[in-house]
Amino acid sequence: MVILDAFCGCGGNAIAFAKLSSSVVSHIICIDVDRTKLRKAAHNASIYGIAPNRIIFVEANSVAVMERYYRDGTLVMDPPEISSKYPPREIYDDFTIGGIDLLNEIGQRIDCIFMDPPWGGIDYNSMGKDGYDLARDMKIRGCERGCIGFPPTPEVDGFQLLKIAAAATRTRFVVYDLPRNTNKRSLAEAALEAGYEGNGKLEEHYINSRLKTVTAYFGQDFRHLLDLKKHQKEAEGGQ
């Protein structure tokens, strides 16, 4: 399985995926608009002993990548004619960081999209009795004036983000990390708008008996493949 981590940040989720067997998750494509964060993610991956050939780090707008360059899990962009128009490549702690031209070499297909998007700052937990609404409260910046290698892409809300991700994958397998106070009706409406019909699953994550986040799974149910604790126990049992 090839996973696209659409909002990589400092790489915590990508590292967790890379800890799974390569027979389960072969590669992780990490997207972030901030190269500083990508460098931190690469450094963190090196600390955890992740093989450099398992992860690539792409400096790009994730909405633009999913909407314009993937259809049904297949890369549809043409090879870049002028590589200088993309962010430069560098090797950082043995990991490759570069622009979307890297996708032509490693990201020819994707099987799953993982999204832990920005929730809108520290006020996400104070959205009133109706909770966090994906259409009202989540706003993901596009490339309004165009980004390096991209035509202009408008801002999207949480509904549109799920719809874009679903269209980008062949399996329609999308994992969506959300605030603990996410309005469940809002999430269900977003799923329907994205074309899902009754196959969503929701996990609640607790620490010290307190709800911290929720994770929604849509599309083919491969959740068991991403169960890090399960695979760790199996590996220990085989030793």
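How do the residues of the lining of the second largest pocket divide into nonpolar, polar and charged? In this predicted model, six are nonpolar, three are polar and six are charged. The volume of this pocket is about 300 Å³. Its lining comprises 15 residues. Those closest to the pocket centre are Phe 7, Asp 32, Val 33, Lys 37 and Pro 118.

Asp 177 was examined next. This residue belongs to strand 11, which spans residues 174–179. Its relative accessibility is 10%. The threshold for a buried residue is under 20%, so Asp 177 counts as buried. The side chain of Asp 177 makes a polar contact with the side chain of Thr 215, at 2.5 Å. Beyond its neighbours within four places in sequence, Asp 177 is in contact with Phe 114, Met 115, Asp 116, Pro 117 and Trp 119. Val 214 and Thr 215 are also in contact with Asp 177.

Strand 13 covers residues 210–218. It runs antiparallel to strand 12, residues 201–207. Seven bridges join the two strands. One pairing places His 205 opposite Thr 213, its bridge partner in strand 13. Strands 12 and 13 form a hairpin, with two residues between them. In the turn, Asn 208 has a positive phi of about 55°.

Terms used. Residues numbered from 1 in each chain as written. Predicted model: local features only at pLDDT ≥ 70, side-chain atom pairs only at ≥ 80, totals over all residues. Heavy atoms only, no water. 1 Å grid on protein atoms, 1.4 Å probe; cavity = no way out; pocket = protein on both sides within 12 Å on 5 of 7 lines; lining within 4 Å. Points joined across faces, edges and corners; volume = space filled by probe spheres on them. Nonpolar A, V, L, I, M, F, W, Y, C, P; charged D, E, K, R; others polar. Helix = DSSP H or I, 4+ residues; strand = E, 2+ residues; numbered from the N terminus. Buried < 20%, exposed > 50% of the residue type's maximum accessible area, 1.4 Å probe, protein only. Polar contact = N/O pair within 3.5 Å; in protein donor to acceptor, adjacent residues only side chain to side chain. Contact = heavy atoms within 4.5 Å. Pairing = 2+ DSSP bridges.
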